[in-house]
Amino acid sequence: MPRTPPFHVWVDLTGTWRGAAPGVLLAWRHSDRRGWEAWVVRAESYSTGRGAEVQLVQAWVPAALVRPSPIDPGRARA
């Protein structure tokens, strides 16, 4: 992903890419122990027992679990 942050991504912590959450990649970092990681803010839905709610989660995520969104509205050209 040779893009400069921020940009829209999909994040899937399971690695199956069946339940990916939308997010924004804010920064990159690299460590010898963990390799490349992306600082992302992602939107996750969860059940309240009477419906669904959405929460925002921010975390460092392994780069392999992040994919760029094919459509990035923030960088779309008119």
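# Briefing: a five-stranded antiparallel sheet

Trp39 has a relative accessible area of 24%, so the residue counts as partly exposed. The model described here is a predicted one. The protein contains 0 helices and 5 strands, and its elements follow the pattern β-β-β-β-β along the sequence. Of the 78 residues in the protein, 23% are buried. Among contacts between residues at least 6 apart in sequence, 40% join residues at least 24 apart.

**Sheet architecture**

- The 5 strands form an open sheet in the order 4-3-2-1-5, and the pairing is antiparallel.
- Strand 4 (52–62) and strand 5 (66–68) each have a single partner strand, so they stand at the edges and one side of each is left without a neighbour in the sheet.
- On average, neighbouring strands of this sheet are turned by 40 degrees against each other, direction ignored.
- Strand 1, which covers residues 7–11, pairs with strand 5 in the antiparallel sense over 3 bridges. Within this pairing, Val9 has Pro68 of strand 5 as its bridge partner.
- Strand 3 and strand 4 are joined by 11 bridges, again in the antiparallel sense. Here Val40 is bridged to Ala59 in strand 4.
- Strand 3 and strand 4 also form a hairpin, with 4 residues between them. Gly49, in the turn of this hairpin, has a positive phi of about 95 degrees.

**Aromatic pairs**

- How many aromatic pairs does a search of the whole structure find? The search finds 2.
- One pair consists of Trp28 and Trp36, whose arrangement is edge-to-face. The ring centres are 6.3 Å apart, and the angle between the planes is 90 degrees.
- Trp28 has a relative accessible area of 26%, which means that this residue counts as partly exposed.
- Trp39 and Trp60 form a tilted pair, because their planes stand at 55 degrees; their ring centres lie 5.2 Å apart.
- Why does the pair of Trp39 and Trp60 tie together parts that are 21 residues apart in sequence? The reason is that Trp39 belongs to strand 3 (residues 35–47), whereas Trp60 belongs to strand 4.
- Trp60 is partly exposed, with 30% relative accessibility; Trp39, at 24%, is likewise partly exposed.

**Surroundings of Glu37**

- Glu37 is located in strand 3. Is this residue buried or exposed? Its relative accessibility is 6%, and it therefore counts as buried, the cut-off for that class being under 20%.
- The carboxylate-bearing residue Glu37 makes a side-chain polar contact of 2.7 Å with the side chain of Arg29.
- A polar contact of 3.3 Å links the side chain of Glu37 to that of Arg34.
- Leaving aside residues up to four places away in sequence, Glu37 touches Ala27, Trp28, Arg29, Trp60, Val61, Pro62 and Ala63. Arg29 is thus among the residues touched by Glu37 and also its partner in a polar contact.
- Two members of the aromatic pairs, Trp28 and Trp60, are included among the residues that Glu37 touches.

**Trp17 and Arg67**

- Trp17 is placed in the loop between strand 1 and strand 2 (21–31).
- Most residues other than glycine have a negative phi. Trp17 has a positive phi of about 60 degrees although it is not a glycine.
- The ring of Trp17 has the charged end of Arg67 over it, 3.9 Å from the ring centre.
- With a relative accessible area of 22%, Trp17 counts as partly exposed.

**Segments before strand 1 and after strand 5**

- Pro6 is found in the segment before strand 1.
- Most peptide bonds are trans. The bond that joins Pro5 and Pro6 is cis, with omega of about 0 degrees.
- Ser69 lies in the segment after strand 5. At 10% relative accessibility, Ser69 counts as buried.
- Which residues does Ser69 touch, not counting residues up to four places away in sequence? They are Arg3, His8, Val9 and Trp10. One of these, Val9, is the bridge partner of Pro68.

Conventions. Residues numbered from 1 in each chain as written. Predicted model: local features only at pLDDT ≥ 70, side-chain atom pairs only at ≥ 80, totals over all residues. Heavy atoms only, no water. Pairing = 2+ DSSP bridges. Helix = DSSP H or I, 4+ residues; strand = E, 2+ residues; numbered from the N terminus. Axes fitted to C-alpha atoms, helices over the stretch in contact; angles between N-to-C directions. Phe/Tyr/Trp six-rings, centres within 6.5 Å; stacked < 30°, edge-to-face > 60°. Buried < 20%, exposed > 50% of the residue type's maximum accessible area, 1.4 Å probe, protein only. Lys NZ or Arg CZ within 6 Å of the ring centre and 35° of its normal. Polar contact = N/O pair within 3.5 Å; in protein donor to acceptor, adjacent residues only side chain to side chain. Contact = heavy atoms within 4.5 Å.
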